[in-house]
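Let's walk through this structure together, beginning with a pair of helices and then stepping back to the whole chain.

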Amino acid sequence: MKDLRANERNKDHFGTDHLRLDLKSRTVSSGLVTAAAQGAQLVLNVGATMVLARLLLPRDFGLVAMVMTVMAFLRIFKEAGLSTATVQREAVNHAQVSNLFWTNIALSTFASVAMAASAPLIAWFYGEPTLTRITLILAGTFLLNGLTAQHFALLSRQMRFKAIATIQVASTAAGVFAGLGMAWAQCGYWSLVGFQLSMASTMCLLTWRVSRWRPQWISRDADMRSLLTFGVNVTTSAFIYSLARGADSLLIGKYYGSDSLGLYSRASALLIRPVEQLTSPLNDVLVPALSRLQADPRRYHRTFLQTHDAIALVACLFTGVFFPLARPLILVMLGAQWEHGAVIFGALTVGALFTPLCSAASWLLASQARGRDWLVMSVVVSLVTVASFVVGLPFGPNGVAISYAVSGVLVVLPVVYYMAGRQGPVSTADLWASLSRHLPLCAVVLAVTAAARVTVLDFGPLAQLSICAFTGSLAGVAFAWFFTPIRRTAVNLVATIRDIKKVTR
């Protein structure tokens, strides 16, 4: 009787028919909540970075970055593509998700043990004995993350983004406060370890508190084949890509040391975090929404391309403004001791152009359950990415960043667009047409921002950043007003904002 009541209670976590009744409103309101949460996380992270960069040394960041680079190779085992399978699948039941939960636990336990066992090897590889203790402590975060994978997936499947937002913001805040407190107490690199551990612990506790779903023991009668097949393809793809994407930090740390890696990691983080804040909420909202629209290709096509247009518009504006302002931005955000990271940041701003567009294209593969295409795409992109790092390595961290940016624009983006659009409602031609409409905006904003900076070179970094960013953005707004394709995207954004106001009244 107890099991029967538990099963009845758990049924509420799996149904999605009620979401289709007002999918647009739910998507818009969910997007608003998630964007607000990501904005709060961005403020917390950037604020913490600005303070910690002034309290800690580049070496401190470099030591933790060395461990985090290796952890990134194993991090995909915390959910192993099984969360995506839960979100994407049209129908799942309690037994299936419970089996996926225990699979996640097994994989995350394996990752924790493997990471802890590799601690001496990591210290030997980098020539830094200190890394042994850091690795042993951070290894436990894999299991903490694995405990939340299916709970988060069910919250996302039900489009309960207010709950997700609360968990994410509170967890980030806990990590920030722990890290800052330890930094003020002069704990050095342990401040960054405390940041990561506090955030993971808080997220695990809050997720189990908010989500009332509880797994049953492993069931042998549940149909798991398609779920596990999709998960294996996604996991393999993510693992291959994580190996490739982490190769830059691995190589820089090995051949140029913790100071250089500290500069590279902080310059990268200033760029990566805002980009993630743009794509992460959209990914969380759009993949479930597009998955529910698979039976309606016309709505699927329209919904995706309107979002892709908006991403292209923001990415072009971001790159155009901040590419010429890399140096003053680094000085304002991190301080004078980080000035050598300006070239790295400048090169990687090009990544702000192609990275979110590649992420958006991958939503087509996720929502259509095209695991095999995802795997093939990941292999090709990974090979290109590693090759770009190797080519740039002789020229130091700056060379690695520049080589990565060039390969991303010329090779990675075309490959991703081809694979994502080769089948389904959205074609490769649709993706290129969407991007090409917004490239003139990037050129105009970049030219105006660079010209403005030439006139204020004698000013301080903050004044340069403020004046030139405002001038470039103003030029972008003016250009968008007179250029019809971009104006149409802006009109769609305004319409979306109006929808948000209606939903939130």
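Start with helix α19 (residues 396–421) and helix α20 (residues 428–436), whose axes come within 7 Å and cross at roughly 135°. That makes α19 oblique to α20, oblique being whatever is left once angles under 35 degrees are called roughly parallel, over 145 roughly antiparallel and 65 to 115 roughly perpendicular. On the α19 side, the contact (heavy atoms within 4.5 Å) uses Leu413, Pro414, Tyr417, Tyr418, Ala420 and Gly421, and α20 brings Thr428, Leu431, Trp432 and Leu435. Sort these residues and you get eight nonpolar, two polar and no charged.

A word on where this comes from: the model is predicted, with local features needing pLDDT of at least 70 and side-chain atom pairs pLDDT 80 or more, while totals for chains, interfaces and linings use all residues. Numbering runs from 1 along each chain as its sequence is written, and side-chain values use heavy atoms, leaving out hydrogens and water.

Now look at helix α14 (residues 297–322) against helix α17 (residues 351–367): they pack at about 165°, axes 8 Å apart. The two are therefore roughly antiparallel, and α14 passes α17 in a right-handed crossing (the near helix is turned clockwise from the far one by less than a right angle). Their contact residues split into 15 nonpolar, four polar and no charged. Among those meeting are Phe304 and Ile311 in α14, and Leu357 and Trp363 in α17.

Zooming out, the chain has 23 helices and zero strands (DSSP runs, at least four residues of H or I for helices and at least two of E for strands). Of its 505 residues, 53% count as buried, meaning under 20% relative accessible area with a 1.4 Å probe, protein chains only.

Definitions and conventions
Buried means under 20% relative accessible area, exposed over 50%, partly exposed in between (1.4 Å probe, protein chains only). Axes are lines fitted to C-alpha atoms, for helices over the stretch in contact, and angles run from 0 to 180 degrees between N-to-C directions. Ala, Val, Leu, Ile, Met, Phe, Trp, Tyr, Cys and Pro count as nonpolar, Asp, Glu, Lys and Arg as charged, and the others, Gly among them, as polar.
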